[in-house]
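Okay, thanks for coming, everyone. I'd like to spend a few minutes on empty space and helix packing in one model, so let me put it up on the screen.

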Amino acid sequence: MTSVKKYIAEFIGTLVLVLFACGVAAVTGCSGTNPDTAYLMTALAFGLVIVAMAYSIGNISGCHINPAVSIAMLVSGKMKIKDFIGYVVAQFAGAIAGAAILGAILGSNESLGQNGLYNGDIIASLIVEVILTFVFVLAILGVTSRIKNSSVAGIVIGLTLTLVHVFGIYFTGTSVNPARSFGPALFVGGEALSNVWVFIVAPLVGGVLAALVYKLLDGGKAEE
């Protein structure tokens, strides 16, 4: 029953992330080619959702709401394969539900905060997303590795997500989260859906790299 509660929490958290953060991108008309108020509002929305969810469901599931974070925890030995699968399924389901609700509210699936390739370049987009995810997940692993950081972890993670969005929206719209990308792409279709594999593969690679690098740097020190 405990695991089920964790999966439900991850479903809700990812749903809220897509509905509110991608929703802000959609309603403000955020465009990576035009750094304006909408650009900043979208970056802040993603960060603020993480802060809100971290202090809402963090004590239940850890508030991953992102397969890239979950795979990093798996590689770090902080998660079992059974829970990893359950988390990822819940995250994708939550993202799909969030995108469906957003589309219904807007009355259109034309723009749901979907990601896009940087200048149509797959390689460049993969590299950008790996780097963005690496930085984001590395920060998560660092701030959550010490019990004494628990009171500020949600704020640090939220600010880090805001940071990677401020930089990354210009290039790809910033994914760093396979579920967040898949939900909107599924309903938007077209290029968003045909290219969504980039925003699934790159964040997962970035998450794994972050876990391996952090394990090397931290040297397996015990939590304090």
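Let's start with the inside: a search of the whole structure turns up 2 cavities of 30 Å³ or more. By cavity I mean, on a 1 Å grid over the protein atoms alone, a set of points where a 1.4 Å probe fits but cannot get out; a pocket is an open set with protein on both sides within 12 Å along at least five of seven lines, and lining residues have an atom within 4 Å of a point. Volumes are the space filled by probe spheres set on the points, with grid points joined across faces, edges and corners.

Quick housekeeping. This is a predicted model, so to speak with its own filters: local features need pLDDT of at least 70, side-chain atom pairs count only at pLDDT 80 or more, and totals for chains, interfaces and linings use all residues. Numbering runs from 1 along each chain as its sequence is written, and side-chain values use heavy atoms, with hydrogens and water left out.

Back to the cavities. The largest holds about 50 Å³ of space. Around it you'll find Leu17, Phe46, Ile50, Asn66, Phe136, Leu161, His165, Ser175, Val176, Asn177 and Arg180. Helices H2 and H6 each supply at least two of those lining residues; helices here are DSSP runs (H or I, at least four residues; strands are E, at least two), numbered from the N terminus. By class, that lining splits into 6 nonpolar, 4 polar and 1 charged. For the classes, Ala, Val, Leu, Ile, Met, Phe, Trp, Tyr, Cys and Pro count as nonpolar, Asp, Glu, Lys and Arg as charged, and the others, Gly among them, as polar.

The second largest cavity comes in at about 30 Å³, and its lining has no charged residues, just 4 nonpolar and 3 polar. Gln114 and Phe199 are among the residues there.

Now the pockets. The largest has a volume of about 730 Å³. Which residues lie nearest its centre? Those are Gly58, Gly62, Cys63, His64 and Thr144, out of 30 lining residues. H2 (37-61), H3 (67-75), H4 (81-106), H5 and H6 (153-172) each give two or more residues to that lining, and H2 has the largest share, with 7. The mix is 15 nonpolar, 9 polar and 6 charged.

The second largest pocket is about 420 Å³. It has 21 lining residues, with Ser31, Gly32, Gln114, Ile169 and Gly173 closest to the centre. H6 gives the largest share of that lining, 4 residues. Here the classes are 8 nonpolar, 12 polar and 1 charged.

Last topic, packing. H5 (residues 122-144) and H9 (residues 198-218) pack at about 40°, with axes 7 Å apart. Axes are lines fitted to C-alpha atoms, for helices over the stretch in contact, and angles run from 0 to 180 degrees between N-to-C directions. The pair is therefore oblique (under 35 degrees is roughly parallel, over 145 roughly antiparallel, 65 to 115 roughly perpendicular, the rest oblique). That contact, meaning heavy atoms within 4.5 Å, has 17 nonpolar, 5 polar and 1 charged residues.

H9 also packs against H3, at about 35° with axes 8 Å apart. On the H3 side, Pro67, Ala68, Ile71, Ala72 and Val75 do the touching. The contact of H3 with H9 has 10 nonpolar, 1 polar and 1 charged residues.

That's my tour; over to you.
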